[in-house]
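Student: Before we proceed, may I ask how the terms applied to this model are justified?

Tutor: Certainly; let us set each value against its definition.

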Amino acid sequence: MTRNRPVPRADWNGRRRRVNASHQPDPRDRPARLTVGVVGAGRVGPALAASLQLAGHRPVAASGVSDTSVRRAAAMLPDVPLVPPAEVLDRADLVLLTVPDDALPGLVEGLAETGAVRPGQLLVHTSGRYGTKVLEPALRAGALPLALHPAMTFTGTAVDVQRLAGCSFGVTAPEELRLAAEALVIEMGGEPEWIAEENRPLYHAALALGANHLVTLVAESMELLRDAGVAAPDRMLGPLLGAALDNALRSGDAALTGPVARGDAGTVAAHVAELRKHAPQTVAGYLAMARATADRALAHGLLKPELAEDLLGVLANGAQGAPGSGGTEGGTR
């Protein structure tokens, strides 16, 4: 594919028909290969570029500022030169904009204003928050805008490329580019999931609630287990959390268990008292999650109404640091 020629639509259409059948197309049937550039060599960009390289595309340039980014790009994209962002766009047919969400609008505006964007160039951002409207300045310059967000946590190592196999991508694109977007995702081993432009913030909030907060909860749980004298908290939590996750994905709220779902107000009060004593920074999170759990358990008939009143009272007292909750702000008795 020449550098100034638009993406061949017919190739992408045929590509989509073939991948539906087998997911792994014959290399001889692939559309024109693309030169790939990465602007923002954080954890995501090099992994996606390396995955596209496995599909036959050719990474040709990357940009990165920090020493960590430089080392990461060198490890995952060897022999790919590090150049300024404008030069990345000059060299590549497909450009991955993998910068933090808050930096994306300014980056796009700057690249468009300086004339770095070329007509027919595929410009792909990986932000979960934004759809394609954030790429409007580049669209006016003739770029082809795509939003491809991998629903995956990244480590910045080669293991990320393997994890893309079967990973869902939140895809937003103009209708005429939908097949191109889906084909790129499939070439990276992912599964495209169409997200409407107006639903991107809600989609991203849902993923953050489930994945990002999970890391915080697990890390806090491990710290508390260490404080309780458990030598290998990861080994203890692994089977438990694995089973809980599997049950939740299979059964939803029906998988709820534990003292909150059972309405054991005394046990929950003891938890709050111990947390205030040993890890006060975790109390607010415990109470918030316990209240959310109680609401869901009550709504789904798992928590008996006659037990819910005492439980919700304990949670309210705990939030206020009131007497009887084990708190200190409201006094003790």
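**Reasoning from definitions**

Tutor: The model is predicted. Helix 10 (residues 233-251) has 19 residues, which at 1.5 Å a residue should span 27 Å; its end C-alpha atoms are 26 Å apart, so the two values agree.

Student: How do you know that 27 Å is the span to expect of helix 10?

Tutor: The expected span is 1.5 Å times one less than the number of residues, and for helix 10 this gives the 27 Å against which the 26 Å is set. Just after helix 10, G252 takes a positive phi of about 65°.

Student: What makes strand 3 and strand 4 a pair?

Tutor: Pairing requires at least two bridges found by DSSP. Strand 3 (residues 94-97) and strand 4 (residues 122-125) are joined by four bridges, so the criterion is met. The two strands run parallel. Within this pairing, L94 stands opposite L122, and the bridge partner of L96 is V124.

Student: With which other strands do strand 3 and strand 4 pair?

Tutor: Strand 3 also pairs in the parallel sense with strand 1, over four bridges, and G37 stands opposite V95 there. Strand 4 is joined by four bridges to strand 5 (residues 144-150), again in parallel, with V124 opposite L146.

Student: Why is the unit of strand 3, helix 5 and strand 4 called right-handed?

Tutor: The term applies if, with the strands pointing away from the viewer, the path from the first strand over the helix to the second runs clockwise. Strand 3, helix 5 (residues 104-113) and strand 4 make a β-α-β unit of this hand.

Student: What makes both faces of strand 4 covered?

Tutor: A residue is buried under 20% relative accessible area. In strand 4, L122 and V124 on one side and L123 and H125 on the other are all buried, so both faces count as covered. In strand 3, L94 and L96 point one way and V95 and L97 the other, and all are buried.

Student: What makes a set of residues a nonpolar core, and which residues have the most contacts inside the largest one?

Tutor: The set must consist of buried residues of the nonpolar types, joined through side-chain atoms within 4.5 Å. The largest such core has 31 residues, and those with the most contacts inside it are L52, L94, L96, L146, L148, F169 and L184. Helix 2 gives the most to this core, with five residues. A second, separate core of 21 residues includes A92, L97, L107 and A116. In soluble globular proteins, nonpolar side chains tend to be buried together.

How values were computed. Residues numbered from 1 in each chain as written. Predicted model: local features only at pLDDT ≥ 70, side-chain atom pairs only at ≥ 80, totals over all residues. Heavy atoms only, no water. Buried < 20%, exposed > 50% of the residue type's maximum accessible area, 1.4 Å probe, protein only.
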